[in-house]
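Me: Please take a close look at a single part of this model, the place where its domains meet. Start from the local backbone, and set the part in the context of the whole chain.

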Amino acid sequence: MTDSIVSEHSGGVALITVDAPGSRNALTLDLSAQLAAAVGAAERDESVHAVVVTGTPPAFCAGADLSALAEAGEAGLRAIYKGFLAVARCTLPTIAAVGGAAVGAGLNLALAADVRLAGPRARFVARFLELGLHPGGGMTWMTQRLAGPQQAAAMTLFGQALDAEGAVRAGLALRVVDGDHDDLLAAARDLAHAAVTAPREVLIATKRSLRTTADLGRHSDAVDVEIAPQLASLASPEFAERLSLMRNRIRSRP
């Protein structure tokens, strides 16, 4: 079978799968480019409100393809980064369904999502220094923001791997989903439901505000960031329709 990125758009969710089980879903230059293209296609599809990224079992993603890595200069490294950076920059809400090992660049792919759900066999492993390799792709930044400097140091400098429960305790995963890969994907779709039912423009604006306010130091600055998109949503026909439905439900209560 040919290694590929498999993308399925249904029920308001783009399910994007790294499908290269023979290499434990390691990212080649071609797969990384395909991944970036799949994310872009999801953003352009007006029916898609959320993106779920996963890997064909048993792994999530074993990292960058070692042959591509060994031959990479700066352009090659940035080409390897292209796929997971597309996830990181995605304007839509993103979920990583991590059912197995997420290693190196695969860890970056998991960390690039807004939320991570972990299957019972999930593992989060940096493994850069084990290869004599400096971390790349923003791994040190993402790990420190999500798990704090001490946990980032333990993973990056001392090679600490986290299992599913450990990732939840460290703040790298939202929760553990018991069961098989299908159960994990079902949980990801359930999590995406609120985004699927929300107005798409408001959803995108809300994610943009989350990114902007994360770096602000004062509550008042966040108020200023949020007020323009909130006013725009108040004037939208979607808000008027939903407000009317809610009022009717309230009136019909006994």
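Reply: Asn-25 sits in the loop that runs between strand 2 (13-19) and helix 1. In this predicted model, Asn-25 has a phi near 65°, which is a positive value in a residue that is not glycine. Most residues other than glycine have a negative phi, and most peptide bonds are trans. The second half of that rule has an exception here too: Pro-57 and Pro-58 are joined by a cis peptide bond, with omega at about 10°. Pro-58 belongs to the loop between strand 3 (50-55) and helix 2 (66-70).

The domain assignment gives the wider frame. Domain 1 covers 4-197 and domain 2 covers 200-252, so both Asn-25 and the Pro-57/Pro-58 pair fall within domain 1 because of these bounds. The C-alpha centres of the two domains are 29 Å apart.

Now the boundary itself. On the side of domain 1, 17 residues are in contact with domain 2, which contributes eight residues of its own. Together the two domains bury about 920 Å² between them, and 41% of that area is on carbon and sulfur atoms.

The polar side of the boundary can be listed as well. Three salt bridges are counted between domain 1 and domain 2. One salt bridge in the model pairs Arg-145 with Asp-215, whose closest N and O atoms are 3.3 Å apart. By their numbers, Arg-145 belongs to domain 1 and Asp-215 to domain 2. The count of residue pairs in polar contact between the domains is 12, with both residues at pLDDT 80 or more. On domain 1, the side touching domain 2 draws at least two residues from each of three helices: helix 1 (29-44), helix 3 (74-89) and helix 8 (181-197). Sorted by class, that side of domain 1 has seven nonpolar, four polar and six charged residues. Helix 1 thus links the two topics: the loop holding Asn-25 leads from strand 2 to helix 1, and helix 1 supplies residues to the side of domain 1 that touches domain 2.

Last, the chain as a whole. There are 11 helices and nine strands in the chain. Its radius of gyration is 19 Å, close to the 18 Å that the globule rule gives for 254 residues, so the chain is as compact as a globular protein of that length. Taken along the principal axes, the C-alpha atoms fill a box of roughly 65 × 45 × 35 Å.

Key
Residues are numbered from 1 along each chain as its sequence is written. This is a predicted model: local features need pLDDT of at least 70, side-chain atom pairs count only at pLDDT 80 or more; totals for chains, interfaces and linings use all residues. Side-chain values use heavy atoms; hydrogens and water are left out. Contact means heavy atoms within 4.5 Å. Buried area is the accessible area (1.4 Å probe) that two parts lose on being put together, summed over both. A salt bridge is a side-chain nitrogen of Lys or Arg within 4 Å of a carboxyl oxygen of Asp or Glu. A polar contact is a pair of N or O atoms within 3.5 Å; within protein, one must be able to donate a hydrogen and the other to accept it, and residues adjacent in sequence count only if both atoms are side-chain atoms. Helices (H or I, at least four residues) and strands (E, at least two) are DSSP runs, numbered from the N terminus. Ala, Val, Leu, Ile, Met, Phe, Trp, Tyr, Cys and Pro count as nonpolar, Asp, Glu, Lys and Arg as charged, and the others, Gly among them, as polar. The radius of gyration is taken over C-alpha atoms; the globule rule is 2.2 Å times the number of residues to the power 0.38.
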